[in-house]
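I opened a new notebook page today. These are my entries on what I looked up, in the order I got to it.

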Amino acid sequence: MPIPSQDRAHFLFLKLHSLTGIFPIGAFLVLHLSVNSLRTVGVWQYQLSIDLINNLPFLIVIETLFIYIPLLIHSLMGFYIIFSGKINLRHYPYPRNWGYTLQRITGAVVFFFLIYHMGTTVGPKLLYGKEQFEAAPFLIDIMNREFSNWTGRFLYLVGIVSATYHFCMGLWSFCVSWGIIIGPAAQRNAGIVFALFGLALTALGVATVAEFSLDPLPVDATVEGGAS
Ligand code: HEM
């Protein structure tokens with residue numbers, strides 16, 4: 001097998017980074033914010049969705065392959081890109097340069113938000129043993145507590161806005177760098193479409209935070225003996 005040159009290896013590195021940002025991580029974000037927004041429709045709809053996901057066979061394998069490993073790879077590569085680049089806003093204060101800089105900052109914010117978020121959701125679930133309780137009452141109880149104060153709400157709002165900006169700006173730069181949108185007019189129009197998409201995703205997340213904060217309903221186990 002021919003060994004790639006340094007430039008080619010760097011090129012492949014950047015391509016893998018942009019690809020993992022769209023699939024599976026971006027796809028997961030869209031799905032995750034949509035499923036959580038079911039809480040605004042009704043508490044039992046949300047309960048059903050959590051139990052459905054948590055009763056999928058081989059869930060831990062699916063999560064590890066499609067969420068945890070790609071997230072870790074994308075984050076480590078992202079930090080490498082951040083630390084190997086230079087912030088040059090003072091010399092080149094163009095909107096596109098601001099966009100890239102903000103994307104790097106929000107990437108780092110999302111990384112730390114995720115350590116907190118997974119530590120308070122997935123962490124306890126794995127720690128207490130999934131077999132000991134039914135996922136929905138356990139997780140809904142945790143989310144009610146997360147949104148019971150302004151510190152929690154603020155952390156989630158920052159996490160949501162950072163994640164949707166980071167993803168939608170990434171969608172745009174993905175389409176430009178993979179040659180999907182070519183030419184200034186197409187790039188400008190795509191920018192407007194992705195910005196609207198980002199606003200819609202943010203609205204889903206904010207509505208979920210509002211619903212949990214204003215109406216913290218606990219739920220019982222759907223299966224008898226499934227939870228205490
Ligand atoms: C309204 C805001 C949000 C709510 C209510 C929420 C809720 C949850 C819950 C309940 C879990 C545990 C799922 C389970 O173990 O079955 C979870 C996990 C997770 N969340 Fe969120 N989340 C929110 C925002 C976000 C954002 C903005 C991101 C991305 C930056 C994110 C990324 C993740 C990841 C990576 C996991 C672990 C994967 C999994 O087990 O499904 N979440 N979230």
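What share of the contacts in the chain with a separation of 6 or more comes from residues 24 or more positions apart? I got 78%, where a contact means heavy atoms within 4.5 Å.

**Ground rules.** I am working with a predicted model, where local features need pLDDT of at least 70, side-chain atom pairs count only at pLDDT 80 or more, and totals for chains, interfaces and linings use all residues. Residues are numbered from 1 along each chain as its sequence is written, and side-chain values use heavy atoms, with hydrogens and water left out.

**Overall fold.** I found eight helices and zero strands; helices (H or I, at least four residues) and strands (E, at least two) are DSSP runs, numbered from the N terminus. The C-alpha trace spans about 60 × 45 × 30 Å along its principal axes. Of the 228 residues, 40% count as buried. For the record, buried is under 20% relative accessible area, exposed is over 50%, and partly exposed is in between, with a 1.4 Å probe and protein chains only.

**Helix α3.** I checked the length of this helix, residues 59-84. Its 26 residues should span 38 Å at 1.5 Å a residue, and the end C-alpha atoms are 36 Å apart, which agrees. The expected span is 1.5 Å times one less than the number of residues. There is a bend of about 35° at L65, taken as the angle between axes fitted to the seven residues ending there and the seven starting there. Among the buried residues of α3 are L59, E63, I67, H74 and F79. Their cover includes α1 (6-36), α2 (43-54), α4 (95-120) and α7 (150-177).

**T20 to H74.** I followed H74 across to T20, which sits in helix α1. T20 counts as buried because its relative accessibility is 10%. The side chains of T20 and H74 share a polar contact of 3.1 Å. My cut-off for a polar contact is a pair of N or O atoms within 3.5 Å; within protein, one must be able to donate a hydrogen and the other to accept it, and residues adjacent in sequence count only if both atoms are side-chain atoms.

**The ligand.** Which residues are closest to the ligand? Of the 25 that surround it, they are H32, N54, E63, H117 and K125; a residue is near when one of its heavy atoms lies within 4 Å. Polar side-chain atoms of H32 and H117 lie 2.8 Å and 2.7 Å, respectively, from a nitrogen atom of the ligand. For K125, a polar side-chain atom is 2.6 Å from a ligand oxygen. Helix α4 gives the largest share of the shell, five residues. I sorted the shell into 16 nonpolar, seven polar and two charged residues; Ala, Val, Leu, Ile, Met, Phe, Trp, Tyr, Cys and Pro count as nonpolar, Asp, Glu, Lys and Arg as charged, and the others, Gly among them, as polar.

**R39.** Is this loop residue between α1 and α2 buried or exposed? R39 counts as buried, because its relative accessibility is 2%. A polar atom of its side chain lies 2.5 Å from the backbone oxygen of D215. Beyond residues up to four places away in sequence, R39 touches Y46, T208, E211, F212, D215 and L217.

**A195.** My last stop was A195 in helix α8, partly exposed at 43% relative accessibility. Its C-alpha atom is 9.2 Å from that of W172, and the two residues are 23 apart along the chain.
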